Amino acid sequence: MSKMKTIIAPNRRQILGGLAATAAAAGSTGAWAATPSLTFEELYGKVSVLGLEFSAKVNALEGRAVAMRGFMAPPLKAEANFFVLTKIPMALCPFCSSDADWPDDIVVVYLGKKQTFVQPSTTIEVHGKLEAGSWTDPETGFVSLLRIRDAQYSVV
Amino acid sequence: MNKFLVALLATTALAGAAEAATVYPLDRATILTSSPFDFKVEFDGVVKPEDIKVTVNGQDYKTVFGKEAQFVAEEKGAKDKVLGSALVLRGLALATPGAYKVEVSAGPQTKSVTWDVYGTADKPKAKNVIFLIGDGLSVAHRTAARIMSKGMSEGKANGRLNMDDLDRMAFIGTSSTEAVATDSANTMSAYMTGHKTAVNALGVYADRTPDSFDDPKVETLAEALRRQTKKSVGIVTNSELQDATPAAVVAHTRKRADKAEITEMMLEVKPDVVLGGGSAYFLPKSTPGSKRKDEKDFVKSFRDAGYTLATDKAELVNAAGTNTGKVLGLFHTGNLDSTLDREFLKKGTVDKFPNQPGLVEMTQAALNQLSKNPDGFFLMVEAANIDKMSHPLDWDRAVIDTIEFDKAIGLARDFAAKNPDTLIVVTGDHTHGVSIIGTVDDSKAGPEMREKVGTYASAGFPNYVDSNGDGYPDSVDVSRRLFLNANNGPDHYETYRPKLDGPFVPAIQNEKKEYVANEAYKDVPGAVFVAGNIPRDGDSGVHAVDDVVLQSSGPGSEGFKGYMEQSDVYRLLADVMALGVKQTQ
């Protein structure tokens, strides 16, 4: 529950993050320049049918601020405070797979404050705190393995 | 309003109410003798139990069925909306063949259905049945596979596919209980139970309640084989093992997306050989890569049940020597890659799962294992990627997978040549709206790609080459290639070229849940915007309602002829294996 509280009540860092987002959107490299970046290719060290393993980089960055680029999958629910960041624009096919069938390499993004949706073909950069490990969203039941919390994003 | 009109309206309304009850199995259902099924009556609105009357061939139903149904006063829908009363009788079985006229009434509501309960031959006609299903297999796929694989000179094919020489054929109607159209769940469920059902449903009739596991069940072929025979059962697919086609051999759910539960159902039936993808639903949720929402570990459960596990091509070969006879092959967390990606382009997810076996290796491994059973076997082989690549209009990938499917059919035919007591059935579960209309010839003049499309005499013949004789063209990206085209789809960009960078993604979803053309292809030279002709919430090409071609060889295959419903196919399979007769003594 404490995790949920941090999302609802913005703290000083989130407000700073919000300011930084504005700066980044305006083309500045200022406040986020030092944030380590993470790519989709770097998420898993080992991939096998019996499970994946997080990469050393993910393990090292856990709990720290990261920047990740990707595409915003269409929101699961209109009112959800989170979205799924994907490597390529998502095209879910009902008869190829079910709605539950996200690719392995996704990152769930929990927003620090509400932001508007962007077109699915638009590359975005997300900044926030990396969290690794299985977690079930209490509201939607959505299970995720990697999350960015207290997040802000901007169009690249 | 005049009195006559009022009277007419009242009569019309009453006539509507009189037909309100629904009876499962539905009218004209075909049911194997002694095969368990659930009987359900859904009344429109709440009725009193004392007002309900059910007769079977004129007698009280309890006498004929030998059991009493449970009365449900109020079935609830979404938001606890009361849907009406119901009668439910689980696990009914009818031992005597014949017509069963079931008449139901409650006050003014009446409904009458007639079931055809059928027996089978006393003795099996075939010891083994190999059922090969090309998911989405359409006529254009096989024509293209023949031309790409064998070539064509002066209008005659330079060679024949393995499926070209099967002895007998039928046209199969694939419509659903609620729609003229179908999906893989509905059709494969009909093939594997003998009962038609609704889109998305597996091994059940689709009732009105929201719970996807309480719908009236019917027996699957694997369950019938376990009940009546000592035959081995094998499931081979290059999709997830929980996907509709493999799931239909064992599963009961209204919702094909219940993949976590379908994994559990697979374990309950314990097919002797289970090869495919979908390991994500076998792993507990705490394991990265899992798609379960619980901590159940089905890799462990299958191992505890005596299965030898194989996770790649090499392990599959080694698993052939297993003592228990049970093999679980999991080769991908999701669907296996298409043959074009796996064997040639190394795209898709081949970098992550580099040693996936193909359909040919899996079919060979399954045949080796299953044929050890002196009582014979039933093997289902699905070429899933024909469909999975046709949805996104990626015709090259769909056709190369059709060639691979044909090679698996070749293995089945080789097996049947040595074991003539084997029935081979080759079919699809539905078609796609795809046709070959000619060629695309890069040497034709003109800046626009459509100027390079050759129709009629200007089509000529494509210039695919198979220099190593492996049955696959050395390249799909030749200068004069087949032009396959879809008659439906979302907004997309037609590039007139094979998608060498990875499977085609024609459309992606926007914030209004509408599918728009994927701009990734906009700047491909010559790409043309094609406006979609299906609703904007459709992400890809859809299944066609056109009949499917079924071909067959071996004992019992003479029954496949003319036009048949997909549910009729089960009846023939049951007859060939004499499933009306207990063979386990």
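**View 1. Helix 3 of chain B in the predicted model.** Helix 3 covers residues 139-150 of chain B, twelve residues in total. At 1.5 Å a residue, the helix should span 16 Å, and its end C-alpha atoms are 16 Å apart, so the expected span and the model agree.

**View 2. Buried residues of helix 3, chain B.** The buried residues include B:Ala140, B:Ala144 and B:Ala145. B:Ile147 and B:Met148 are buried too. So are B:His141, B:Arg142 and B:Ser149, which complete the buried set of this helix.

**View 3. The residue just after helix 3 of chain B.** Here sits B:Gly151. Its phi is positive, at about 85°.

**View 4. The contact of chain B with chain A.** Chain B brings 42 residues to the contact. Chain A brings 35 residues. Together the two chains bury about 3,000 Å². Carbon and sulfur atoms account for 58% of that area.

**View 5. A salt bridge across the interface.** The rule finds one salt bridge between chain B and chain A. A:Asp105 and B:Lys352 form it through their side chains, with 3.6 Å from N to O. Polar contacts also cross this interface: five residue pairs, both residues at pLDDT 80 or more.

**View 6. The side of chain B that touches chain A.** Helix 12 (385-390) and strand 25 (507-509) of chain B each supply at least two residues to this side. Strand 25 gives the most, with three residues. By type, the residues of this side divide into 14 nonpolar, 14 polar and 14 charged.

Definitions and conventions
Residues are numbered from 1 along each chain as its sequence is written. Chains are lettered from A and ligands numbered from 1 in the order in which they are written. This is a predicted model: local features need pLDDT of at least 70, side-chain atom pairs count only at pLDDT 80 or more; totals for chains, interfaces and linings use all residues. Side-chain values use heavy atoms; hydrogens and water are left out. Contact means heavy atoms within 4.5 Å. Buried area is the accessible area (1.4 Å probe) that two parts lose on being put together, summed over both. A salt bridge is a side-chain nitrogen of Lys or Arg within 4 Å of a carboxyl oxygen of Asp or Glu. A polar contact is a pair of N or O atoms within 3.5 Å; within protein, one must be able to donate a hydrogen and the other to accept it, and residues adjacent in sequence count only if both atoms are side-chain atoms. Helices (H or I, at least four residues) and strands (E, at least two) are DSSP runs, numbered from the N terminus. Ala, Val, Leu, Ile, Met, Phe, Trp, Tyr, Cys and Pro count as nonpolar, Asp, Glu, Lys and Arg as charged, and the others, Gly among them, as polar. The expected span of a helix is 1.5 Å times one less than its number of residues. Buried means under 20% relative accessible area, exposed over 50%, partly exposed in between (1.4 Å probe, protein chains only).
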